[in-house]
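Welcome! Please work through the exercises below with the structure open beside you, and try each task before reading its solution.

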Amino acid sequence: MKKYPILCSLVLLLSAGSCGNDFDYSTQEVNLLEVSSRMVTFSTEGSSQELEVSSDVEWTVSKSEDSAWLTISQKPECLVLTATANDAILERETILLVEAGERKMEIKVKQKGVKPSFTASKETMPFVWGG
């Protein structure tokens with residue numbers, strides 16, 4: 001006789017858990033956005049690199065104004081980044097923002113600086129000693 005109340009309680013709990021979810025998932029837009037790399041590094045000499053971009057909606061890319069050294073070309077499924085040569089010792093970097101609908105993704109772009117060098121010759125160099 002004790003089995004029936006337990007069985008009835010179990011049936012009641014299972015049936016109550018399956019009700020009340022009125023959220024319609026089919027009306028929610030979820031935009032797809034994938035980029036082949038979220039980090040790009042260029043050598044000092046500069047060059048071009050391509051990133052694949054996948055999205056189910058139209059996408060855009062933007063960069064900060066202080067990154068004139070980097071140009072961006074946008075193709076249907078590709079992003080082409082071109083860096084000019086970096087003659088400075090310091091590394092330079094910027095962040096790109098790719099947007100597709102409500103989705104946003106940042107791409108960090110770096111370019112190495114030149115290695116400092118010092119050249120000495122066998123010739124004598126006079127140094128003035130101050131005292």
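The exercises below go from the overall layout to the sheets, the core and the charged pairs of this predicted model.

**Exercise 1. The overall layout**

Task: Find how many helices and strands the protein has, and in which pattern they follow one another along the sequence.

Solution:
- Step 1. Begin with the count: the secondary structure comes to one helix and eight strands.
- Step 2. Now read along the sequence, where the pattern is α-β-β-β-β-β-β-β-β.
- Step 3. Look at the contacts in the protein with a separation of 6 or more: residues 24 or more positions apart account for 61% of them.
- Step 4. Turn to the surface. The protein exposes about 10600 Å², and carbon and sulfur atoms supply 56% of that area. Of the 131 residues, 22% count as buried.

**Exercise 2. The antiparallel sheet**

Task: Work out the strand order of the open sheet with antiparallel pairing, and explain why one side of strand 1 and of strand 5 has no neighbour in the sheet.

Solution:
- Step 1. Write down the order: this open sheet has four strands, arranged 1-3-6-5.
- Step 2. Check the ends of that order. Strand 1 (33–35) and strand 5 (70–75) stand at the edges with a single partner strand each, so one side of each is left without a neighbour in the sheet.
- Step 3. Add the twist: neighbouring strands here are turned by 20 degrees against each other on average, direction ignored.
- Step 4. Go through the pairs, starting with strand 1 and strand 3 (residues 48–55). They run antiparallel and are joined by three bridges; Glu34 stands opposite Ser54 in strand 3.
- Step 5. Continue to strand 3 and strand 6, an antiparallel pair with five bridges. Here Leu51 has Leu79 in strand 6 as its bridge partner.
- Step 6. Finish with strand 5 and strand 6 (residues 78–83), which pair in the antiparallel sense over six bridges. These two strands form a hairpin with two residues between them. Opposite Leu70 stands Ala83 in strand 6, while Thr71 stands opposite Thr82 in that strand.

**Exercise 3. The mixed sheet**

Task: Name the strand order of the open sheet with mixed pairing and identify its edge strands.

Solution:
- Step 1. Four strands make up this open sheet, in the order 2-8-7-4.
- Step 2. Strand 2 and strand 4 are the edge strands, since each pairs on one side only.
- Step 3. From one strand to the next, the twist averages 20 degrees.
- Step 4. Look for a parallel pair: strand 2 and strand 8 pair in the parallel sense over four bridges. Within strand 8, Lys110 is the bridge partner of Thr41.

**Exercise 4. The nonpolar core**

Task: Find which residues of the largest nonpolar core touch the most other members, and which strands supply at least two residues of this core.

Solution:
- Step 1. The largest nonpolar core has 19 residues, and those that touch the most other members are Leu70, Leu79, Leu81, Ile107 and Val109.
- Step 2. Trace the core back to the strands: at least two residues each come from strand 1, strand 2 (39–42), strand 3, strand 4 (59–62), strand 6, strand 7 (92–100) and strand 8 (103–111).
- Step 3. Zoom in on Leu81. Leaving aside its neighbours within four places in sequence, Leu81 is in contact with residues including Val40, Phe42, Leu51, Leu70, Ile72, Leu96 and Val109. Among its other contacts are Ser47, Ser48, Gln49 and Thr71.

**Exercise 5. The salt bridges**

Task: Locate the two salt bridges and decide how exposed their residues are.

Solution:
- Step 1. Recall the idea: side chains of opposite charge can pair when their charged atoms come close.
- Step 2. In one salt bridge, the side chains of Glu93 and Lys108 meet at 4.0 Å, N to O. Glu93 lies in strand 7 and Lys108 in strand 8, so this pair ties together parts that are 15 residues apart in sequence.
- Step 3. Check exposure. Glu93 has a relative accessible area of 44% and is partly exposed; Lys108, at 32%, also counts as partly exposed.
- Step 4. Move on to Glu99 and Lys104, which form a salt bridge with the closest N and O atoms 3.9 Å apart.
- Step 5. Glu99 is partly exposed at 26% relative accessible area, whereas Lys104 is exposed at 57%.

Terms used. Residues are numbered from 1 along each chain as its sequence is written. This is a predicted model: local features need pLDDT of at least 70, side-chain atom pairs count only at pLDDT 80 or more; totals for chains, interfaces and linings use all residues. Side-chain values use heavy atoms; hydrogens and water are left out. Two strands pair if DSSP finds at least two bridges between them. Axes are lines fitted to C-alpha atoms, for helices over the stretch in contact, and angles run from 0 to 180 degrees between N-to-C directions. A nonpolar core is a set of buried Ala, Val, Leu, Ile, Met, Phe, Trp, Tyr and Cys residues joined through side-chain atoms within 4.5 Å. Buried means under 20% relative accessible area, exposed over 50%, partly exposed in between (1.4 Å probe, protein chains only). Contact means heavy atoms within 4.5 Å. Accessible areas come from the Shrake-Rupley method with a 1.4 Å probe; for residues, only the protein chains shown count as cover.
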